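Subject: Structure handover and findings

Hello,

I am passing on the structure below, as agreed. Please look through it before reading the notes underneath.

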Amino acid sequence: MVTPNTVSSVISSETVSGTNVYNPAGDKLGTIDTLMIDKLSGKVRYAVMEFGGFLGIGTDRYPLPWESLKYEPNMNGYVVSLTREQLDNAPRYERDTAPAYTDEYGRRVNDYYGVPYL
């Protein structure tokens, strides 16, 4: 059975940007900065979370596999099974030094979060 898209199941990337990301305990980890979309399939591969710094200065970007995020309507944000301590070793980069999202990089990111690559 095909479920039709509805206003509640489809969201624009513009709306996703700025959405809060929480851990299961309800602690805010950061906000979604941007989405990385696979050019061939058209599917969202990563939500890049902004964390740290102040007013956008000194913040790092953390690519989170889209499959690792679950939208929680009661929190009006996404939940990822990740602690702040786990962010210390997570793949990340500074705003102006975005990596090339190669297969090797994608595997490293997905392996860190325990999500199968492609």
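The notes below go from the overall fold to the sheet, the aromatic rings, the pocket and two single residues.

Overall fold

Please keep in mind that this is a predicted model. The chain has 118 residues, and 35% of them count as buried. It contains 3 helices and 7 strands. Read from the N terminus, the elements follow the order α-β-β-β-β-β-β-α-β-α. Among the contacts with a separation of 6 or more, 41% are between residues 24 or more positions apart. The exposed surface of the chain comes to about 7,800 Å², and 51% of that is supplied by carbon and sulfur atoms.

The sheet

The 7 strands form an open sheet with mixed pairing, in the order β5-β6-β1-β2-β3-β4-β7. Its edge strands are β5 (70-72) and β7, each of which pairs on one side only.

Going through some of the pairings along that order, strand β1 (residues 20-22) is antiparallel to β2, with 3 bridges between them. Here V21 has G30 in β2 as its bridge partner.

Strand β2 (residues 28-37) also runs antiparallel to strand β3 (residues 44-51), and 6 bridges join the two. In this pairing I32 is opposite M49 of β3. The hairpin made by β2 and β3 has 6 residues between the strands, and G42 in this hairpin has a positive phi near 80 degrees.

On to the next pairing: β3 and strand β4 (residues 60-65) are antiparallel and joined by 6 bridges. A47 is opposite L64 of β4 there.

As background, side chains in a regular strand alternate between the two faces of the sheet.

Aromatic rings

How many aromatic pairs does the structure hold? The count is 6. One of them is formed by Y46 and Y101, whose ring centres are 5.5 Å apart; the planes are at 45 degrees, so this pair is tilted. The pair links distant parts of the chain, as Y46 is in strand β3 and Y101 is in the loop between β7 (93-94) and α3 (103-113), 55 residues apart.

Are the two residues of this pair buried or exposed? Y46 has a relative accessibility of 2% and therefore counts as buried. Y101 has a relative accessible area of 25%, so this residue is partly exposed.

Another aromatic pair is that of Y112 and Y113, which is edge-to-face, with 5.1 Å centre to centre and 85 degrees between the planes. Y112 counts as partly exposed because its relative accessibility is 32%. Y113 counts as buried, because its value is 15%.

There is also an aromatic cluster, made up of Y46, Y101 and Y105.

The largest pocket

The largest pocket holds about 210 Å³ of space. Y46 and Y101 appear again here: both are in the lining. The other lining residues are M36, I37, D38, K39, L40, R45, T102, D103, G106 and Y117. Which elements each supply at least two residues of the lining? They are β2, β3 and α3.

Two single residues

T31 is found in strand β2. Its relative accessibility is 16%, so T31 counts as buried, the cut-off for buried being under 20%. Setting aside neighbours within four places in sequence, T31 has contacts with G18, T19, N20, V21, V48, M49 and E50. Two of these residues were named in the notes on the sheet: V21 as the bridge partner of G30, and M49 as the residue opposite I32.

N76 is in the loop between β5 and β6 (77-79). N76 is a residue other than glycine with a positive phi, near 55 degrees. With a relative accessible area of 54%, N76 is exposed, since exposed means over 50%.

In brief

If you want a place to start, look at Y46. Y46 is in strand β3, counts as buried at 2% relative accessibility, belongs to the aromatic cluster with Y101 and Y105, and lines the largest pocket.

Regards

Conventions: Residues numbered from 1 in each chain as written. Predicted model: local features only at pLDDT ≥ 70, side-chain atom pairs only at ≥ 80, totals over all residues. Heavy atoms only, no water. Helix = DSSP H or I, 4+ residues; strand = E, 2+ residues; numbered from the N terminus. Buried < 20%, exposed > 50% of the residue type's maximum accessible area, 1.4 Å probe, protein only. Contact = heavy atoms within 4.5 Å. Areas by Shrake-Rupley, 256 points an atom, 1.4 Å probe, with all protein chains shown as cover. Pairing = 2+ DSSP bridges. Phe/Tyr/Trp six-rings, centres within 6.5 Å; stacked < 30°, edge-to-face > 60°. 1 Å grid on protein atoms, 1.4 Å probe; cavity = no way out; pocket = protein on both sides within 12 Å on 5 of 7 lines; lining within 4 Å. Points joined across faces, edges and corners; volume = space filled by probe spheres on them.
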